[in-house]
Amino acid sequence: MIRVAMSFYTKGREQNVWTEMPAVPCVGDTVHYNPDNDDPDGSRAWLVMHVSWACDDFTRDVWHAELSLK
């Protein structure tokens with residue numbers, strides 16, 4: 001699993017959450033996440049607008065992906 005930080009706007013505020021995914025989606029892909037727990041099916045579709053990578057620990061070569069969602 002890959003650590004992923006997701007950023008998106010909901011209810012007029014920016015939200016940032018961490019999750020794990022089996023693979024990092026590409027720009028234009030859709031991911032499902034429910035920030036409010038109010039969807040009957042448990043998730044909302046979010047469009048991936050930007051993907052970047054950040055290093056958490058250079059000595060151990062540990063990275064995470066950062067997604068901007070819309």
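The hairpin of β1 and β2 has two residues between its strands, and Lys 11 takes a positive phi near 55° there. This comes from a predicted model. The two arms of the hairpin, β1 at residues 2–10 and β2 at residues 13–21, run antiparallel to each other and are held in register by nine bridges. Towards the start of β1, Arg 3 has Glu 20 of β2 as its bridge partner. Ala 5 and that same Glu 20 sit 15 residues apart in sequence, and their C-alpha atoms are 8.5 Å apart in space.

Stepping back to the whole chain, there are five strands and zero helices, so the order of elements from the N terminus reads simply β-β-β-β-β. Of the 70 residues, 24% are buried. The exposed surface comes to about 4,800 Å², with carbon and sulfur atoms supplying 51% of that area. As for contacts between residues at least 6 apart in sequence, 29% of them join residues at least 24 apart.

What makes up the largest nonpolar core? It has 11 residues, with Val 4, Met 6, Phe 8, Val 17, Met 21, Val 31, Trp 46, Val 48, Ala 65, Leu 67 and Leu 69 as its members. Two or more of these residues come from each of β1, β2, β4 (44–57) and β5 (62–69). Leu 67 is a handy place to look at the packing in detail. Leaving aside residues up to four places away in sequence, Leu 67 touches Val 4, Ala 5, Met 6 and Ser 7, and also Met 21, Val 24 and Pro 25. The list for Leu 67 is completed by Val 48, His 50 and Val 51.

Ala 5, one of the residues touched by Leu 67, belongs to strand β1. Is Ala 5 buried or exposed? Its relative accessibility is 14%, and because the cut-off for burial is under 20%, Ala 5 counts as buried. Apart from residues up to four places away in sequence, the neighbours that Ala 5 touches are Val 17, Trp 18, His 64, Ala 65, Glu 66 and Leu 67. In a regular strand, side chains alternate between the two faces of the sheet.

On the outside, Trp 53, Phe 58 and Trp 63 come together as a nonpolar surface patch, and their combined accessible area is about 420 Å². Trp 53 is part of strand β4. With a relative accessible area of 47%, Trp 53 is partly exposed.

Turning to charge, the structure holds two salt bridges. One of them joins Asp 56 to Arg 3, with 3.8 Å between the closest N and O atoms. Asp 56 is in strand β4 and Arg 3 is in strand β1, so this pair ties together parts that are 53 residues apart in sequence. Both partners are partly exposed, Asp 56 with a relative accessible area of 35% and Arg 3 with one of 37%. Arg 3 thus appears twice in this picture, as the bridge partner of Glu 20 in β2 and as the salt-bridge partner of Asp 56.

Asp 57 forms a salt bridge as well, with Arg 60 and a closest N to O distance of 3.4 Å. Arg 60 counts as exposed, at 61% relative accessibility. In general terms, side chains of opposite charge can pair when their charged atoms come close.

Note on methods
Residues are numbered from 1 along each chain as its sequence is written. This is a predicted model: local features need pLDDT of at least 70, side-chain atom pairs count only at pLDDT 80 or more; totals for chains, interfaces and linings use all residues. Side-chain values use heavy atoms; hydrogens and water are left out. Helices (H or I, at least four residues) and strands (E, at least two) are DSSP runs, numbered from the N terminus. Buried means under 20% relative accessible area, exposed over 50%, partly exposed in between (1.4 Å probe, protein chains only). Contact means heavy atoms within 4.5 Å. Accessible areas come from the Shrake-Rupley method with a 1.4 Å probe; for residues, only the protein chains shown count as cover. Two strands pair if DSSP finds at least two bridges between them. A nonpolar core is a set of buried Ala, Val, Leu, Ile, Met, Phe, Trp, Tyr and Cys residues joined through side-chain atoms within 4.5 Å. Patches are made of residues with over 30% relative accessible area and no salt bridge: like charges are joined within 9 Å, nonpolar side chains (Val, Leu, Ile, Met, Phe, Trp, Tyr) within 5 Å. A salt bridge is a side-chain nitrogen of Lys or Arg within 4 Å of a carboxyl oxygen of Asp or Glu.
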